[in-house]
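Student: Could we go through this structure together, starting with how its helices pack and then turning to how its chains meet?

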Amino acid sequence: MRQSTVEKGAAMLTRFANPARFMRLSGATLPWLGGAAAGVLALGLVWSLAIAPPDYQQGETVRIMFIHVPAAWMALSVYLFVAVASAVALVSRHPLAEIAAQAAAPVGAAFTLVCLATGSLWGRPMWGAWWVWDARLTSVLVLLFLYVGYIALVNAFDDRSRGARAGSLLALVGIVNLPIIKFSVDWWNTLHQPASVVRLSGPSIALSLLMPLLVMAVGFGLLFGWLLLLRMRTLLNERKAEALRLHGQPAPPRHRPTGERGDAAMPAARPVLR
Amino acid sequence: MTRKRRRLLALGVGLSLLGAATAMVLVAFNDNLVFFYSPSDLAAKAIGPERRIRIGGLVEQQSLERHADGRGVGFRVTDGKTDISVVYVGLLPDLFREGQGVVAEGRLRPDGVFAATSVLAKHDEKYMPPEVADALKKAGRWQEGAGPDGKTAPVPALK
Amino acid sequence: MDQVAGWLMMGGYGGFVWPAYGLAAAVLGGLAFQSWRRHRRSGAALARLQTPADMPRQ
């Protein structure tokens, strides 16, 4: 019993202290992350489109791989991020975890969409089909539906905490799809080829083609980081504004809080976040 | 037990059950998750001509022949153990060539020839510049689905 | 000039390579722009709400 009160107290503290610290830190990181993302992506684009050689079989279409494969990696890792953040949100009820999951999901959906669309544009000239219902393509389409379902579910409830909890559960259930996507090309006959980079026997891709692929992957990762922080800050701002509107305006006169502990008592009336 | 730990336990049990259920479903539906059969699968399964199926494998070296009408082609698809004759009339994908992976959709005729209505190319997971591929071939380190002469002969005349 | 034209042709696959890059740029760029604009607006809205309490005008 005593431990539980201690835990509750700690949760209360982190609950209101951490978002403020997050706003401060993310505000300082954001420009650097955005600049790095833009720089690496610019380098990756030039490398992918102008420097990298064509493939011995697929010719110039191999350039589609430089966005298709990193987009697929991001689609999977962002989903993993959403699922882990959802688990933390469900278990520890930390508000930043819930916000992180909700901020990341649309970004993951966008990467999945890019992966599917570029794959289609690659499949048509090389395979001879825009789309086939093989295990790899179908499971990635299911991933897109999971993202869309999560976003819809989170926004479907008037009570925000219920929406968040329902969305978190869906995100966790959907995690079974991740190994299916990754290993679909090994477990079943698919039209899609097996993995080229992330495999036990090492990459089966020449260095001159692997380098632009990795640069683009780093660029996509930085872009995700930037978008994540930006969208988390937006959600925090919006929630704080909503709380301010609900609890009367102007905020009741009170002494300026001096520390985070003081903040914790009345989060809605706290004057400045930064 | 704290509430937090109880939630963690419930989550762990729920996810394990979900994983087990998914694994069972996947094993049960294994046959339907396969996009195509290999020629060996086909020989073992005895599928009649009434079913539309897909077969996949490599186009056997020196097996490609163009029919007299100029549009139809015949070739053999092999998985290294068994092979099967395929006839097809229509456009072929750019990657289609001898030694290349292929997935054909159609019906198995009673005479054992597979009549395809669509042919898709399946490529492998290797990517390299043309010079590297040439160097590998010259050095005799070329394996994969290539024929005994180690060459993958393109068929530009078919396009 | 011919080199640029050849580059744009992408060995005959320009009709697939360029739309793939264009589409990726549109989706990710669009998301980035939307996220940035919403962030700016949310910050401004919050600042408007906080100003009267924080700095009472005299």
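Student: In this predicted model, how are the axes of helix α3 and helix α7 of chain A oriented: roughly parallel, roughly antiparallel, roughly perpendicular or oblique?
Tutor: The axes of α3 (residues 95–126) and α7 (residues 207–246) of chain A come within 8 Å and cross at roughly 130 degrees. Since roughly perpendicular ends at 115 degrees and roughly antiparallel requires over 145, the crossing angle makes α3(A) to α7(A) oblique.

Student: Which class of residue, nonpolar, polar or charged, has eleven members in the contact of α3(A) with α7(A)?
Tutor: From α3(A) the contact draws on A:Ile99, A:Ala100, A:Gln102, A:Ala103, A:Ala104 and A:Val107, while α7(A) brings A:Phe224, A:Leu227, A:Leu228, A:Arg231, A:Met232, A:Leu235 and A:Leu236. Sorted by class, one residue is polar and one is charged, and the class with eleven members is nonpolar.

Student: Which helix gives the largest share of the side of chain A that touches chain B?
Tutor: Here 38 residues of chain A are in contact with 33 residues of chain B. At least two residues each come from α1 (2–51), α2 (65–92), α3, α5 (160–173) and α7 of chain A. The largest share, four residues, is that of α2(A).

Student: How many residues of the side of chain A that touches chain B are nonpolar?
Tutor: That side of chain A also includes twelve polar and three charged residues, and its nonpolar residues number 23.

Student: What percentage of the residues in chain A is buried?
Tutor: Chain A has eight helices and zero strands, and its length is 274 residues. Counting a residue as buried when 20 or more other C-beta atoms lie within 10 Å of its own, the buried part of chain A is 43%.

How values were computed
Residues are numbered from 1 along each chain as its sequence is written. Chains are lettered from A and ligands numbered from 1 in the order in which they are written. This is a predicted model: local features need pLDDT of at least 70, side-chain atom pairs count only at pLDDT 80 or more; totals for chains, interfaces and linings use all residues. Axes are lines fitted to C-alpha atoms, for helices over the stretch in contact, and angles run from 0 to 180 degrees between N-to-C directions. Angles under 35 degrees count as roughly parallel, over 145 as roughly antiparallel, 65 to 115 as roughly perpendicular and the rest as oblique. Two residues are in contact if their C-beta atoms, placed from the backbone, lie within 7 Å. Ala, Val, Leu, Ile, Met, Phe, Trp, Tyr, Cys and Pro count as nonpolar, Asp, Glu, Lys and Arg as charged, and the others, Gly among them, as polar. A residue is buried if 20 or more other C-beta atoms lie within 10 Å of its own, exposed if 12 or fewer, and partly exposed in between; C-beta atoms are placed from the backbone.
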